[in-house]
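Let's take a friendly walk through a protein together. Have a look at the structure below, and then we will visit a few of its parts.

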Amino acid sequence: MKSLVFFLFSSSFLAAQVSGTIKNSDNIALQNVSVFIKNTYSGTITNKNGQFQLYPQKKGALTLIVRSIGYKTVSKNILYEGAPIKIDFTLTNQPVFLEEVSVSAQDNPAHRIVREAIKKRKEHLKKHSHYKANFYSRGTVKINNAPEKFLGFKVGDFEGSLDSTRSGIIYLSETKSKIYQKDQEFKEEVISSKISSDSNGFSFNTASSMAIDFYEKTIEFGADMISPIAENAFNYYRYTLDGTFYDEHNHLINKIKITPKRNAYPAFSGFMYIVEDDWALYETQMSATGNQLNFAGMDTMTIHQQYAYSKKSNSWIKTTQYADFEYGIFGFKGNGRFTAIYSDYDFEELPKKKDFGPEVLKYSTDANKRDSIYWNKIRPVPLTIEEHQNYLKKDSLEILKKSKPYLDSIDQKKNRFKWHSLFSGYTYSNRYNDWRIKYNIPISAISYNTVQGYNGKVKIGYRKNNEETGKYWRIGTEWQYGIAEKKGRIAAETFIRFNKISKPTLRIATGRKVLQFDKNEAISPLLNNLSSLFFKRNFAKFYEIEFLDVAFKKEWWNGFYGSFSLGYEKRMTLTNHSDLVFVNYDDKEFTTNNPIAPNLSGDLTFINHRGFTFSLETEIVFGQKYMSLPNLKLGYSDEKYPRLFIGVTGLFGSSESDYNHTHWFAKINQSIRLRNKGVMDYVLKGGVFDSNNAFMDYYHPKSNETFVRSNGLEKFQMLPFYSRSTNKNYAEFHIAHDFKKWILGKIPLIRWLQSSLETSFHLNVTDQLAPYYETSLGLKNLGFGKYRFFRIDYVRAYQNGFKEDGVVFGFSF
């Protein structure tokens, strides 16, 4: 095996047209050394073995430039005639000079340099905003000393990734693409993509996902980091001139040390190298902690960028970038690197406005079908021996694990029925043909409510996938039994997704069920279990339904989604059958199953009836961008534009004619990033009814009466369930602003919390009732160290003046 790996490693290295090794004067291999062809944008960097590979586009006399901070730049002339050339370099140390100066707050020499760079920021940003180029990236993630168990479950070996020390590469992928940019428009065409152990997968380390531009005011991570050359950068950074030196073009390069004024600020630490007179970036070496980046689980990230100068365009353009990171959470720790090489920039045959559209990322149909010979010919950064071993081992394992004999042997073992399967669930699979029959776990579905008492569900279903076409089909049945009610119910459903491009889906369902009056579940079953059994508060209210429903949904054209359904329903009232509690309160009684008058005797909320239901709904995502894979389309909204929902639902042909109705509704929502000042979200919605209807057809605001925060922007945290349900005209407005750390990160004695502040306002207006609104102030990301998953909110409710206030607790991720 080792000899085979060495042979493949050597052959791939020799496949490059110009290759070599770079070491220092002590014969130590140098990593991250920039190697490029003079006066071009064709270059690469060395791997950890000091090796590089170049693929010149033209034959003739070339000059190779070898550059690394701390070493003297070396150039060497070669004659390239198409045959492979191997050339090695030895670099010697280069001193960085710093003249003795008297530094004060008024004449700090670094301030002059940074101010000049800030003045030129927009000019350089514009220079870099119109081009086309080639892009290559490689992502590697490693794990070190992985635990054998997590929460009592075996972790495994990550598909053969781990060695005897339970360490190894768990993610390795490469991408080759063409990129196009004009101002704010960006497009990427992925030519080839490779993921270790997944020949059908597509790598996510694309140019768009790795776009980091310090000429922008802020750089978007989990938090919006402040660029050290943004106009407001002096509010966040301290600068020190650490020295100067000259590059191969005799440009004077200033080495500037940057440090955040506060550790809690969204700011980097490290160095940036600025070209005198041009005031352009020459190189950056910037680090930030996971807390600063707002990345849970990440310890640190270091971003290194290198720029090359071209006399032809008289500009400095980014040619290489790599981001190194270390992570650790829940006992898992490791490190990784994502490398990006930008080459063959073209600033003459520029992309035009018509070349851009909503499709911003496209994978070619054969992107993941390229073989190792292809990759050996185009890979600018040689693989290390460890990476070669990973590809070889995982690709071999993948072939084995996709074979019919192997999959059948796994099924033979996994499909054995054991006695505890009656209680834990059972799945019979045919992995080779990608189908399974599953008997769901009844214990996990056991819940309690005062209508049914203890109740449980048993689900049996069949599922068939077709990975190539994206088609997916399932059929299943669900049987539910309420012990106190002494009644069972059964329902069945079939669901088909025809493809993953426009995602047309068809659902047909029939049977009998128990539903909450708010079909979106006013309160979760778990919270209702706890509140009923421990606090004697049965918030959930139910009715019974017999139904037949057919629904279809599809993206009809880009950003326009439409769905319609038609059904028959028979609706019946239910009454309480259980008063079981774990903790009894003498001053409390369970309420009836009547959400309109829960404290009055009698459970009859409506008259039993039957009729036909319909719905027609549309969602318009204005300005939707999307990425397309051979059998998949993924759309996402542009924050500059809102989403619009318009729909109509109703009941006709009812046995109780007073319940026939039509409900028209609309909603608009948007999420807006305000750079380092956080994120603002809003929702505006409303609806009208043309007549009276049964209570389950009312509009039900999303409410909460527990101390557990109900997540979602449209949720009222102190509004009693069903208290403002209506069949009249209504409107709501919700707005929330998550300031991230923009406010709390600046307040002494509070910034140590490392949490973020969120404020919100929620308004509900209906006919016949006074307006109701809530304001809230919340602290997010509370906890310790990396484990900051909690939040607490103070809420005030108003209706005809102040009504009440309270505190709710929840999770934030």
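Which residues of helix α9 (residues 525-535) are buried? They are Asn-528, Asn-529, Ser-531, Ser-532 and Leu-533. Buried here means under 20% relative accessible area, exposed means over 50%, and partly exposed lies in between, using a 1.4 Å probe and protein chains only. The cover over the buried residues of α9 includes β26 (447-449) and β27 (453-466). After α9 comes Lys-536, which has a positive phi, near 55°. Helices (H or I, at least four residues) and strands (E, at least two) are DSSP runs, numbered from the N terminus.

Before going on, keep in mind that this is a predicted model, in which local features need pLDDT of at least 70 and side-chain atom pairs count only at pLDDT 80 or more, while totals for chains, interfaces and linings use all residues. Residues are numbered from 1 along each chain as its sequence is written, and side-chain values use heavy atoms, with hydrogens and water left out.

**The whole protein**

The protein has nine helices and 43 strands. Its C-alpha trace spans about 95 × 70 × 50 Å along the principal axes. Of its 813 residues, 49% count as buried. A contact means heavy atoms within 4.5 Å. Among contacts with a separation of 6 or more, 60% are between residues 24 or more positions apart.

**Three residues to compare**

| Residue | Location | Relative accessible area |
|---|---|---|
| Thr-320 | strand β21 (residues 315-329) | 1%, buried |
| Ser-563 | strand β32 (residues 560-573) | 18%, buried |
| Asp-658 | loop between β36 (643-652) and β37 (661-673) | 58%, exposed |

Let's look at their neighbours, not counting residues up to four places away in sequence. Thr-320 touches Thr-44, Ile-45, His-304, Gln-305, Gln-306, Ala-340 and Ile-341. The side chains of Thr-320 and Gln-306 also make a polar contact (2.7 Å). A polar contact is a pair of N or O atoms within 3.5 Å; within protein, one must be able to donate a hydrogen and the other to accept it, and residues adjacent in sequence count only if both atoms are side-chain atoms.

Ser-563 touches Phe-552, Lys-553, Ser-615, Leu-616 and Glu-617. Asp-658 touches Asn-692 and Asn-693. The C-alpha atoms of Asp-658 and Asn-693 are separated by 6.6 Å, although these residues are 35 residues apart along the chain.

**Nonpolar cores**

In soluble globular proteins, nonpolar side chains tend to be buried together. A nonpolar core is a set of buried Ala, Val, Leu, Ile, Met, Phe, Trp, Tyr and Cys residues joined through side-chain atoms within 4.5 Å. The largest nonpolar core has 66 residues, and those with the most contacts inside it are Phe-221, Tyr-237, Tyr-239, Ile-256, Phe-268 and Met-272. A second, separate core has 23 residues, including Ala-509, Ala-540, Phe-542 and Leu-651.
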